[in-house]
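The following exercises concern the reading of secondary structure, burial and annotation from a set of coordinates. Each task is followed by a worked solution.

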Amino acid sequence: MEEEGQQSLECIQANQIFPKKSPVLEEENMQVPFPELHGEFTEYVGRAEDAIIAISNYRLHIKFKESIVNVPLQLIECVEVRDMFQLHVTCKDCKVVRCQFSTFEQCQEWLKRLNAVVRPPSRLEDLFSFAFHAWCMEVYAGEKEQHGELCRPGEHVTSWFKNEVERMGFDTQNAWRISDINSKFRLCPSYPQQLLVPAWITDKELENVAAFRSWKRFPAVVYRHQSTGAVIARCGQPEVSWWGWRNADDEHLVQSIAKACAVDGSSRKHLPNGSYTNGSDPPDTDFESSMTNSSEVETLAIQPSKLLILDARSYAAAVANRAKGGGCECPEYYPNCEVVFMGMANIHSIRKSFQSLRFLCTQMPDPAKYVYSFSSSSTASSRALDSSREKGMSLQIEVTTKAMPCLLEAPGDHCCYGLAQTSVPDLELGPGPARGSLSIGSL
């Protein structure tokens with residue numbers, strides 16, 4: 001048994017899992033021109049026309065006579081040869097690096113080397129962070145337990161969600177509950193392990209709703225306005241398709257969000273000093289003690305506010321998505337709800353606009369066409385940003401002034417702008433982007 005234990009993965013050293021390789025030197029007297037990180041090994045070192053160039057499993061390093069360029073490999077978007085002897089490296093953050101070579105063959109060789117290493121890794125373990133961590137664990141073996149603690153979430157992480165729920169004043173006795181249905185991310189990989197839902201919604205219902213929503217992103221509450229009690233929830237698009245599928249649990253959950261807001265608003269709200277938010281005396285009937293279970297809370301005769309469903313897409317895009325199994329909420333099936341389409345540009349339009357703008361910035365300016373070209377390339381980005389700000393402000397008005405709960409739907413390729421859309425109310429409704437909402441992960 002002991003021999004089997006010694007042959008386990010725990011006994012394998014980092015240099016066996018991520019072995020360092022000797023660099024390929026184009027000249028014998030060359031050396032690696034930079035100090036390597038733990039787990040980093042240099043693959044190639046060569047000489048350009050006016051620089052020393054090197055590639056490791058982490059970076060592209062170019063040492064010019066008067067400057068040094070370090071570019072992480074995963075930051076490189078594309079590499080190409082221009083004018084036969086110039087290597088043109090375009091980065092994802094809009095930077096452009098140019099390196100001149102003496103011969104065409106040498107330039108082509110470095111082009112092949114770079115194209116081979118900038119491709120997305122086929123395995124997750126091929127990312128440099130894994131090699132870096134493994135070598136750090138070996139180099140600092142005496143501090144292994146301390147490094148292990150850093151890799152595990154501490155109390156400040158595990159209790160953060162509950163602290164945010166308490167800070168924003170959610171009534172977790174009657175209206176809301178924290179669900180652990182996504183423990184270990186088993187239901188939805190892009191949601192956190194804890195989620196806030198109406199108190200009377202069971203985990204079984206959440207599983208059914210997740211099966212009906214795109215990417216398993218069922219409606220989950222992420223923000224509550226402390227004065228009005230209105231909330232913001234996020235979700236993926238319903239998988240209605242051309243057949244017009246319905247899901248009773250989904251319809252129940254969406255309506256329950258508005259109902260929970262009404263219940264939350266009817267319950268007692270205490271300030272830190274123990275007084276009531278409305279400044280009046282305690283009521284004769286103790287609201288919380290009168291609720292024996294969540295089912296009784298749901299059946300209370302409380303008229304909820306209308307729920308506003310904000311769809312990041314245009315109506316045409318939402319209908320077109322039905323052909324791919326998606327779609328949008330049908331107002332007849334979601335009573336007391338209003339569906340509004342934002343008509344925001346998708347990520348493909350923004351990427352194309354960014355690439356056009358970047359291309360324009362790398363060209364020699366033509367005074368006769370520059371202003372027109374700049375306006376054309378940046379129009380899509382400007383419209384998207386303006387639309388995001390405009391819709392964010394309208395969402396803020398609905399939550400703060402009209403006390404209307406909102407469900408933000410960011411399906412498919414509109415996900416990035418669903419996230420950008422909520423950044424405005426996060427900044428303006430909460431004390432800060434990090435504390436303004438209960439993050440539900442990447443939308």
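**Exercise 1.** What area does the protein chain expose, and what percentage of it do carbon and sulfur atoms supply?

*Solution.* The model is predicted: local features require pLDDT of at least 70, side-chain atom pairs count only at pLDDT 80 or more, and totals for chains, interfaces and linings use all residues. Residues are numbered from 1 along each chain as its sequence is written, and side-chain values use heavy atoms, with hydrogens and water left out. By the Shrake-Rupley method with a 1.4 Å probe, where for residues only the protein chains shown count as cover, the protein chain exposes about 24300 Å². Carbon and sulfur atoms supply 54% of that area.

**Exercise 2.** Determine what share of the protein chain is buried and how its contacts are distributed along the sequence.

*Solution.* Buried means under 20% relative accessible area, exposed over 50%, and partly exposed in between (1.4 Å probe, protein chains only). Of 443 residues, 42% count as buried. For contacts (heavy atoms within 4.5 Å), consider those with a separation of 6 or more: residues 24 or more positions apart account for 62% of them.

**Exercise 3.** Describe the five-stranded sheet and the hairpin of E6 and E7.

*Solution.* Helices (H or I, at least four residues) and strands (E, at least two) are DSSP runs numbered from the N terminus; the protein chain has 14 helices and 15 strands. Two strands pair if DSSP finds at least two bridges between them.

1. The sheet of five strands is open, with the order E1-E2-E3-E4-E5 and mixed pairing. Its edge strands, E1 (24–25) and E5 (68–72), each pair on one side only.
2. Within this order, E3 (residues 51–56) and E4 (residues 59–64) are antiparallel, with five bridges; Ala54 has His61 in E4 as its bridge partner.
3. Strands E6 (residues 76–82) and E7 (residues 86–91) also run antiparallel, joined by six bridges, and Val81 stands opposite Leu87 in E7. Three residues lie between the strands of this hairpin, where Asp83 takes a positive phi near 55 degrees.

**Exercise 4.** Is Asn321 buried or exposed, and is Lys324 buried or exposed?

*Solution.*

1. The unreviewed UniProt entry annotates a "binding site" that includes Asn321 and Lys324; such annotations may be inferred rather than shown by experiment, and the positions follow the numbering used here, with feature names shortened.
2. Asn321 lies in the loop between helix H11 (315–320) and strand E14 (337–341), and Lys324 is found in the loop between H11 and E14.
3. Asn321 is buried because its relative accessible area is 14%. Beyond its neighbours within four places in sequence, Asn321 contacts Gln237, Arg313, Gly326 and Gly327.
4. Lys324, at 70% relative accessibility, is therefore exposed.
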